[in-house]
Structure formats: structure tokens, C-alpha cells
Amino acid sequence: MTANKFCVKVYGCQMNVYDADRVRTVLCSRGWEEVSEDEADIVMITGCSVRAKAEQKVWSELGLYEPSWLKCQRPIIALTGCIAQRIGARALERFPYVRLVAGPRHIGLLPDAIEQVHSHPKSRISLLDDDPKEFHALDLDPDNVTIKRGNKYKAYVTIAHGCDNFCTYCIVPYVRGRFVSRKPDDVLDECRMLIDDGVKEITLLGQNVNSYGKDIGLNFSGLLRSVARLWGIRRVRFVTSLPQDFTSDIVDVMASEEAVCPSLNLPVQSGSTRVLRLMNRKYTREEYIEKVNMTRGKIPGLGLTTDLIVGFPGETDGDFDASMSLLREIRFDLVHSAAYSEREGTPAATMEGALPVSLRLERLNRLNELQDSITLSINRELTGQVVEVLADDVAPKGEGMLQGRTPSDKVVIFPASKKILGKFVNVKITEAEAWCLHGELV
Ligand code: SF4
């Protein structure tokens, strides 16, 4: 008997990658075969809806299956992830081959639904209930399955789903629902299973990891400490943090637990307190800077990155200058910047004072230029130093080159044999670029 064949395409954040890996794991454990797109009976497309551009990409991707469907009635498309929560109903109506749509809160129902649309040619399934408190988890038995993942030595572990913060520009609380913490034992069991399977670095994942436990009477610093003390773990990181919930007890765990890396992504979103208020971020510029100073004071060598939006409705020249001056003042290692893009259904989408797209992009370019020069000058300071790197993958370009990350989360590329993949090695930095460092094994 030939196996049922599937393929998964993921567009979007680590949460989508993590969810897709769990579905892959379950399908394979039920005898399905993961194949290339051309051979697949079912293609599962998991996408992100945080930015309008990502959504447009999925729409055009869906249209590309039409010729194949007209010719041979395959493949079946399952649209999943937060994109499905937003556009699933319309996609189901528009394309006959989209036969299953499921939002992220329904991941636990996905494997059965995929099997159902595969075995019943006329069936179409929509898993898009509107109750934001409902969540169907996809629990895996760590004693019986090995979770499929893209990298052998690094893995993400989701600790919470959804978000209750309702930043005015963000679609996440609407598509991913209310905040729900996973049970600590489930998180720890999954981490243990990954460590037993050779994982050296675990990143705890959530829309706002610092809120972990609020709904079940626990806190994030306690979970972080427990994970960092698991036998065999070498590195622990976490993303993403919300400044108002990033408290000194978390910094104390970062400072005292050897396995917790000195790296932090603390999204500021704007350098102007006025814009932060419009965004419903519950901290001021000054409070943000204070948290950064407190953290840097306790963790020397901290790698600090942030997320920042330019061109938010009503952002004046003065507000934008405040963001630019914040970059100069804090000197982040890296900034994930974006021009504001309207997300239908969010309060910001109907706010007065929308800026022309050309102005948003102009500001974005100016900000990126400034940050590139800051990143480059920080990276250049590392030239000549020896850093510890987890050799985690083959570098995308260049024969005989590997890549890995420093504890502070900088990418390093160096010549080495694949035999050292998965090992911690010392690398002397010989050259710095804004996006990566180059070095040689010591
Ligand atoms: S904290 Fe704000 S930006 Fe982050 S997911 Fe929640 S609503 Fe969105």
C-alpha cells in the first residue's frame, strides 16, 4: 500500500514553524510520507497575517495551484496558521482546491481534519470558530515521537499561545486568541525530549513570554530557571518580551543561570512616548531606557535587539526623530524595523493621521541606514576577539563553511568540517559585517 503524501510550506514567524513541525510529526507517525510539492496529495500552507505583504503573498501562492487542479484535481490545499483565521473563509469560497482551513487555535484538530479531506473527495472543512478563549492543543507524547524540526541542534518550544495586550496596530490577539500558558510539566517534558535528541539550544517561544503563568498562578522567571537547570541543556533563549512585563526577577535568572544566554529581544516599537500611548504600549520611552540600563548593569555583554515601527498614524517628524535618537542612545545590536502597515480590524487601521506610504518608506530607509552603521560599529568591536559558537548549520554560501551563533546571538561564519556540527567551538573574529561576523577556528 502506498503512503498518503503531504508537504508543508511555512510563511511566517517561529510560532507557525513550530505548529507546522508538530503537524508534520503527527502525520508521519500515522504513516504519511513527507514529499516534495509536486508529489504531494495535500499541501499544507501555513502563513502569517501580521503584515499585509505576507497576506498578499499567500493569496498569490493560492492562485498558482489552479492549472494543476484543472488538469488533475490535485493537490488539495489546507490553509492554516493565523492567515487562515483572517482569510480562510474567503479562500474556501474562491478556490475549489482549498478544502481545509484552520486557525491556529485549532491545531489539535488538524491531523484528523487533513485525513478526512484526503479520504472524502467532496468534503470541505472550516475550523475557524470565533471563540478567542477556545484552544485545541496538539499534545505529543515525548516518549513515543521525535518532533520533526528544521535544525538538529536548536529548537523552539512554545510556552504560551495568544495574547491579551491588544496593541492597536496588531492583529495577533484577534487571530491567535486570548493568552493561554502551557503547563510547566508539558514544557519541561518537551525540553527533556529535545535534549535527549541532541538539541543544545532551546528558545522558549510566545507572543509575550514574560506573561507566562499569569493565568495559572506561576511566573516566567520560575519556568526559565527550571528549563535552564535541566540536565544536558547548554543554552536557553526566549522570545518575545513585552517591556512592561519584563521584570527584574527575569533579569536575575538571566544573570545567575549559566545556561541562559545574554541575549534579549525587547521590542520598543517607537522612541516617542506619545506614539507608544497611541499604540497602547504601556510604558514610556524613559521606562524602556531604565529597563535596558538595569539589564545591561546586571548582564555585561548583553546582545540587545528590538522591533520598531515607523510611520504609525499621526507620527510627526518629532516622533520619528525620537525613534532615531533612541537608536543612537541605546545602540541596539540589531533592529527589526518595519514601515507601519494597516491591518483591517485593528484600532490603528481607522486612526486619523495616516501617513503616505512614500513617507513611511522614506523614514524606514533613514532609520535602517542609521542602524546599519550602529550595528557595523558594534560588530567591528568584536574583531580579534575569541567567541564561543554553537556550530549549528552549513553556511548558505561557500563550500566548506559553517555557521553558528554566539551566546549574545550574533551569526558567525567560519571555515570548518561538517564533522563539528552540533559542537561548541571557539572562533576568532576576523571580519565584521552588519549582518554577520566572519572568523576562524581557534
Ligand atoms: S504584545 Fe502587542 S504586538 Fe505583541 S502580539 Fe500582543 S498585541 Fe501583538
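**Figure 1. Overall size of the protein chain in this predicted model**. The chain has 442 residues and a radius of gyration of 22 Å, which agrees with the value near 22 Å for a compact globule of that length. Its C-alpha trace spans about 60 × 55 × 45 Å along the principal axes. The chain holds 13 helices and 19 strands.

**Figure 2. Burial and contacts within the chain**. Of the 442 residues, 44% are buried. Among contacts with a separation of 6 or more, 73% are between residues 24 or more positions apart.

**Figure 3. Domain layout of the protein chain**. Domain 1 covers 5–127, domain 2 covers 154–380, and domain 3 covers 386–441. The centres of domain 1 and domain 2, taken over C-alpha atoms, are 29 Å apart.

**Figure 4. Where domain 1 touches domain 2**. Here 13 residues of domain 1 are in contact with 12 residues of domain 2. On the domain 1 side, α1 (14–29) and α4 (82–94) are the elements that give two or more residues. That side of domain 1 is mixed in class: 6 residues are nonpolar, 4 are polar and 3 are charged.

**Figure 5. The shell around the ligand**. Three cysteines, C163, C167 and C170, are among the surrounding residues. N165, F166, V172 and P173 also belong to this shell. Q207, N208 and L242 complete the set. By class, the shell has 7 nonpolar and 3 polar residues. Charged residues are absent from the ligand shell.

Key
Residues numbered from 1 in each chain as written. Predicted model: local features only at pLDDT ≥ 70, side-chain atom pairs only at ≥ 80, totals over all residues. Near = placed C-beta within 6 Å. Nonpolar A, V, L, I, M, F, W, Y, C, P; charged D, E, K, R; others polar. Domains from an automatic or database assignment. Contact = placed C-beta atoms within 7 Å. Helix = DSSP H or I, 4+ residues; strand = E, 2+ residues; numbered from the N terminus. Rg over C-alpha atoms; globule rule 2.2 N^0.38 Å. Buried ≥ 20, exposed ≤ 12 C-beta atoms within 10 Å, placed from the backbone.
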